[in-house]
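Biologist: I would like a close look at a single part of this model, with the remainder kept as background. Please begin with the setting and then work inwards to the positions that the database record annotates.

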Amino acid sequence: MLSEAPIRTQQTTQANPAKQPTERLVYFSSVSENTKRFVGKLNHPADRIPLHKADPELVVDRDYVLVIPTYGGEKGEHAVPPQVLRFLRHPQNRDHLAGVIGAGNTNFGTTYNLAAHKIAKKLSVPVLYLFELMGTPEDVARVNQGLDEFWTRQSQSRP
Amino acid sequence: MSDGVKLLGKVEAINWNRIQDEKDVEVWNRLTNNFWLPEKVPVSNDVQSWGTLTPEEKLLTMRVFTGLTLLDTIQGTVGAVALIPDALTPHEEAVYTNIAFMESVHAKSYSSIFSTLASTKEIDDAFRWSLENEYLQKKANIVMDYYHGDDPLKKKVASTLLESFLFYSGFYLPMYWSSHAKLTNTADMIRLIIRDEAVHGYYIGYKYQRGLEAATQERRDELKDYTYELMYELYENEVAYTHSLYDGVGLSEDVKKFLHYNANKALNNLGYEAMFPSTVTNVNPAILSALSPNADENHDFFSGSGSSYVIGKAVNTEDEDWDF
């Protein structure tokens with residue numbers, strides 16, 4: 001147990017206020033909460049898009065990656081949940097969108113992860129990752145690592 | 001005499017304008033939008049393709065579809081109906097009636113495949129086989145026992161495992177044929193069934209989790225243990241069933257990966273973590289892409305840099321909701 005102390009000291013000396021995460025995740029999860037469970041396992045800060053119109057609006061002030069499941073019918077209509085469309089109608093939320101991660105289920109065939117693809121195309125941002133339902137431990141590890149790399153690259157390419 | 005029949009003081013009319021659980025409406029809309037009938041799928045276009053299968057492959061296909069018919073029969077006439085008395089909202093009851101009816105549509109769709117492709121004798125032989133295969137009978141008996149039990153949450157677990165796991169030893173085969181450009185119309189019909197079962201498993205699993213919210217920690221622990229035990233019991237039987245069907249054509253190991261992959265998803269539907277590691281869920285990519293053309297092997301684009309990112313696939317974005 002004693003060995004913990006030096007490690008903590010080391011971390012403190014390495015901590016750099018400028019390197020604190022300035023980016024985050026924004027996610028939509030219905031009352032079934034599959035996506036919420038996945039996001040909860042990631043070590044990146046996350047905000048939930050409100051489920052109900054009466055809830056206060058979410059407006060982001062820094063770049064983020066959107067994590068969303070797909071809904072809707074056979075032909076892909078209404079694949080993007082209405083709450084997500086409402087969120088994206090705010091120009092600031094569209095401006096800060098840096099990428100999309102999709103949650104889906106291959107059993108839905110042609111509409112698998114359609115919402116993530118639709119939003120990425122509409123707003124010209126990359127689809128970064130696709131996972132099913134609650135995601136596997138491998139998905140969690142890969143997304144955690146991938147997001148770190150992604151944000152590092154994004155910050156380097158900024159003017 | 002009237003064991004289990006509640007005497008109602010008043011019968012309440014269902015009011016769709018007063019919703020207790022928005023998921024009921026969402027799933028009702030999803031299911032009714034998905035409605036289909038077997039007559040809409042041109043299975044007769046598969047007659048020529050059926051003629052290219054060997055006698056052994058034909059026999060396997062008949063047996064697989066008879067096994068699926070049995071499960072759909074159970075779910076349509078017993079399983080989904082058994083969930084109705086436990087419903088927490090009148091809208092939930094209505095969704096179960098839809099599920100029950102669609103399971104009967106699914107059961108009938110296999111008969112429509114049979115009558116198009118096979119002779120009366122082949123059909124009768126396959127139904128006789130379904131009565132005699134010990135593993136098929138065992139899986140039917142396991143779930144029937146729970147459906148006749150009196151624990152509402154255990155019924156939902158059994159039902160979700162049936163919808164999201166037990167079908168897949170059978171669903172594998174039409175996906176396999178489809179990936180070899182055989183029986184492609186039949187596969188189209190099976191994909192409609194798979195999509196329906198996905199909504200059913202999701203919804204029943206969701207209702208299970210709502211039920212858990214009101215349970216004590218002790219009861220939650222008990223149900224979690226029960227779920228993994230039942231999954232394991234069913235899994236062992238599925239492995240034996242798979243070998244009894246697919247050993248002859250050398251596909252058993254490939255089918256088992258598909259079983260593991262779907263077992264994990266069934267557990268997710270109940271809110272539980274996967275039990276099979278990724279080393280045994282690596283489903284043959286041809287099967288996965290027969291299931292979903294968008295389920296690319298590569299679902300990880302983080303490693304791409306700049307322009308090599310996938311910028312959304314060409315999809316219809318004409319949604320009326322895109323007005324920004």
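Modeller: To begin with the background, 41% of the 159 residues of chain A count as buried, in what is, throughout, a predicted model. The secondary structure of that chain comes to six helices and five strands, and their order along the sequence follows the pattern α-β-α-β-β-α-α-β-α-β-α. Among the contacts in chain A with a separation of 6 or more, 65% are between residues 24 or more positions apart. Strand E1 (residues 24-27) of chain A has parallel partners: four bridges join E1(A) to strand E3 (residues 64-69) of chain A, and three bridges join E1(A) to strand E2 (residues 46-48) of chain A. Within these pairings, A:Val26 stands opposite A:Leu66 in E3(A), while A:Tyr27 stands opposite A:Arg48 in E2(A). E1(A), helix H2 (residues 34-40) of chain A and E2(A) together make a right-handed β-α-β unit.

The annotated positions are in chain B. As to confidence, chain B averages a pLDDT of 91, with 90% of the residues scoring at least 70, and the predictor gives the complex an ipTM of 0.85 and a pTM of 0.89.

In an unreviewed entry, the UniProt annotation "binding site" covers B:Asp72, B:Glu103 and B:His106. Although these three span 35 residues in sequence, no two of their C-alpha atoms are more than 6.4 Å apart, so they gather at one spot. Of the three, B:Glu103 lies in helix H4 (residues 90-117) of chain B, and B:His106 lies in helix H4 of chain B as well. The "active site" feature, which UniProt places (again in an unreviewed entry) at B:Tyr110, also falls in helix H4 of chain B. A general point about helices is useful here: an α-helix has 3.6 residues a turn, so residues that are three or four places apart point the same way.

With the cut-off for burial set at 20 or more other C-beta atoms within 10 Å, B:Glu103 counts as buried because 27 C-beta neighbours lie inside 10 Å. B:His106 has 25 such neighbours inside 10 Å and therefore counts as buried, and B:Tyr110, with 26 other C-beta atoms within 10 Å, is likewise buried.

The contacts show what surrounds each of these residues once neighbours within four places in sequence are left aside. B:Glu103 is then in contact with B:Asp72, B:Gln75, B:Gly76 and B:Ala80, whereas B:His106 is in contact with B:Asp72, B:Ile193 and B:Asp196. B:Asp72, a member of the annotated binding site, thus appears among the contacts of B:Glu103 and among those of B:His106. For B:Tyr110, the contacts counted in this way are B:Phe65, B:Leu68 and B:Thr69.

The contacts of B:His106 with B:Ile193 and B:Asp196 lead to helix H9 of chain B, which covers residues 184-213. This helix has 30 residues and reaches 43 Å from its first C-alpha to its last, close to the 44 Å expected at 1.5 Å a residue. H9(B) is mostly covered, with 21 of its 30 residues buried.

Note on methods
Residues are numbered from 1 along each chain as its sequence is written. Chains are lettered from A and ligands numbered from 1 in the order in which they are written. This is a predicted model: local features need pLDDT of at least 70, side-chain atom pairs count only at pLDDT 80 or more; totals for chains, interfaces and linings use all residues. UniProt positions are given in the numbering used here, feature names are shortened, and annotations may be inferred rather than shown by experiment. Helices (H or I, at least four residues) and strands (E, at least two) are DSSP runs, numbered from the N terminus. A residue is buried if 20 or more other C-beta atoms lie within 10 Å of its own, exposed if 12 or fewer, and partly exposed in between; C-beta atoms are placed from the backbone. Two residues are in contact if their C-beta atoms, placed from the backbone, lie within 7 Å. Two strands pair if DSSP finds at least two bridges between them. A crossover is right-handed if, with the strands pointing away from the viewer, the path from the first strand over the helix to the second runs clockwise. The expected span of a helix is 1.5 Å times one less than its number of residues. pLDDT is the predictor's confidence in each residue, from 0 to 100.
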